[in-house]
Amino acid sequence: MGGCMSDSQDTTDRNVEREIEKDKKQDTRAHKLLLLGAGGSGKSTFFKQLKAIHGEGHNDREKEGFKRQIHGQVVESIQLLIRQCKTVTKDPLPGIKDEDDEPFGNDDLDDARLSNSLKVEMTETEIAQFKIAKEFDQSCQYLLEIHGSRSALTEQLVTHVKSLWNECPAIQAMFEHRNKIGIPDSSAFFFNDIERIGRSDYTPDHKDIVLARYRTTGMTEKEFHIKDAVFKVLDVGGQRNERKKWIHFFDGVTAVLFVVSLTCYDEVPFEDVTDLAADVTLMNSMLESIKVFEDTLDFECFQKTGFILFFNKADLMQEKIKRVPITNAFPNYKGPQEFKPSVDYISKYFLSLNRVPEREMLLRFFFEYVLFVNYW
Amino acid sequence: EKEKENNNNNNKDDNIIDNGNVVDFIKDGIMYSEIEASVLSPGHYFGETSLLNEKDKDKDETDKNNQSSLPRFVCKCDCVIFEMEKKNIDLFFEQVPQARQWFDIMLSRYNCDLNTILQIPKALRYFTMFLESEFSAENIHFYLAIREYKKSFTFLHQNTKIDMANIICNAFIADSADQQINISGRLKRNILRQVQDKNITENMFDDCLHCVITLIERDSFPRFKQSIMFQQFLSSVENFTVTTKHDWERKLGDENKVDIIRRTSTFDKLIQNNKILERALS
């Protein structure tokens, strides 16, 4: 133990002031890049990529944090899948109270956003596919009893997740509806790799880190030195409540990096997530993204600011386009249900929203975990 | 100057490694390891790590075989040293749970968990400062509001409960809220409906709180532990002494004139010390 110096608020304040002074000096020479986009578009994913490629990478402590994030994502996703199955089929599990889910079909009298016109009715047979067989009761109960934030993957937990994920058709069927209940695509990757992730000596690799998905709150910033230039990149949260804070970061921005998820045209925004009955043609993150982009372009302080539009998750889009047409979000689209024309249409649509012709607009596409870095 | 040697591990009772000491040097003392590491004065203690480390049997074995690498403590003058057994300190922690968190932070440092930080007012201040710098302090404000709400719930009149729930909704949950928190549409709708129906319960905000705590834990908290503010907090913790020379002299009376007295510290003495700990914690 050291000497008897008492804690002094003054010292703290002075240190903080010094930090702020230092920041100000750096501000003048760094290019400020602002990552914007609706929730779940991939801003933080992009930020992590930058850090891995142009920064110092992730240190052991950060990796420990990502490990927890991944473990948490696995537990939460499987819990959500089970709960949704149970709710839809009105199948109570003994000993478990329904935490946040009201019974399916309970009409929301007060909420105009969710009037009956927004709901999709399901037939008996459709509902029946979500019925979890009796043999999984023990696994369900075990998994639901885990408290989310303390979720180290024990051997037992891994076994239960594995059996539900690989052998229970209801869970698979529910996962197909992940777009409506707010389960990230990457959870499938982690479920499939559950044994590797559950090992006691597991350390997340680059791909795991990039695929780990969690909401961001507030703002974080990081400096990157690329060739001779210094970039200060700001990453922010994208949900509606987080967007109220954006205005604080708009000062002195060199360029806005606006991220759009290509696959979000059938995904319900986290802020609107309710249940399977959601109608994704009326409420999806693409519509949200378009609105956010329009609002951002309109800001007075951005009239002369360059925009780089990033279209994210092109790899997932190639799969999704086979199943879901983009007419969900773009009813006027008349082209074929194929990757290239659909993506072209989306990117042109976004570009057309810019009403300041002299503003610089750049387009980039990238995949969820392979980042092309030669755009500077 | 008379030198007395006190090897931390040789003068122990049975449960050697689990056992630590609360040390008190009546006059200024100097602590040596092979290289003089630091000087301990009244109120300092050593060996506390082994008191708190939960049974790490393998490690204990290595330690036993590796005694030479352990620090040696040498008294430079007449000293009074108290010894504390693990079972006693565990008892103490049962009675004073905040003290446990306080020690947790000092020992786990970068591995401490969010709950520990939330329970210690001083740590919470640093954490709040950090969240303010990241524009996400609404999460901690919500946590504090719910903590207050739950603490006072049973004592409140029904109308006051409704008012309180309304205030929380208007401040944190509704779309118009200045400090709206990042929760799912489902949770938001449920709460707003419950408040509208005047269906107020003590645990109605628990799911929202869980959602917010998880968000902090996954997103902001790991960054906090990497931040300069966390470092500042740690150094302010480390520089704190648990008691003062004056306190001990008053308590010990004439006994402070004697040579080295080693006693198994009683539980009571640490409880007296608790007053000082409490001051440190607030």
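**Close-up 1. The side chains of A:Asp91 and A:Lys131 are joined by a polar contact of 3.3 Å.** The model shown in this and the following views is predicted. A:Asp91 is placed in the loop that lies between helix H3 (60-88) and helix H4 (124-128) of chain A. With a relative accessible area of 13%, A:Asp91 is classed as buried, because this value falls under 20%. When neighbours within four places in sequence are left aside, the residues in contact with A:Asp91 are A:Lys86, A:Lys131 and A:Ile132. A:Lys131 thus appears both among these contacts and as the partner in the polar contact.

**Close-up 2. Residues 113-234 of chain B carry the UniProt annotation "domain: RGS".** The annotation comes from an unreviewed entry. Helix makes up 72% of this span and strand 0%. The C-alpha atoms at the two ends of the span lie 14 Å apart.

**Close-up 3. Helix H7 (residues 138-152) of chain B packs with helix H10 (residues 206-224) of chain B.** The angle between the two helices is about 145 degrees, and their axes are 10 Å apart. The crossing in which H7(B) passes H10(B) is left-handed.

**Close-up 4. Residues of H7(B) and H10(B) meet where the two helices pack.** H7(B) contributes B:Asn139, B:Ile140, B:Phe142, B:Tyr143, B:Ile146 and B:Lys150. On the side of H10(B), the residues are B:Asp206, B:Cys208, B:Leu209, B:Val212, B:Ile213, B:Leu215 and B:Ile216. Ten of the residues in this contact are nonpolar, one is polar and two are charged.

Conventions
Residues numbered from 1 in each chain as written. Chains lettered and ligands numbered in written order. Predicted model: local features only at pLDDT ≥ 70, side-chain atom pairs only at ≥ 80, totals over all residues. Heavy atoms only, no water. UniProt positions renumbered as here; feature names shortened; annotations may be inferred. Helix = DSSP H or I, 4+ residues; strand = E, 2+ residues; numbered from the N terminus. Axes fitted to C-alpha atoms, helices over the stretch in contact; angles between N-to-C directions. Left-handed = near helix turned anticlockwise from the far one by under 90°. Contact = heavy atoms within 4.5 Å. Nonpolar A, V, L, I, M, F, W, Y, C, P; charged D, E, K, R; others polar. Buried < 20%, exposed > 50% of the residue type's maximum accessible area, 1.4 Å probe, protein only. Polar contact = N/O pair within 3.5 Å; in protein donor to acceptor, adjacent residues only side chain to side chain.
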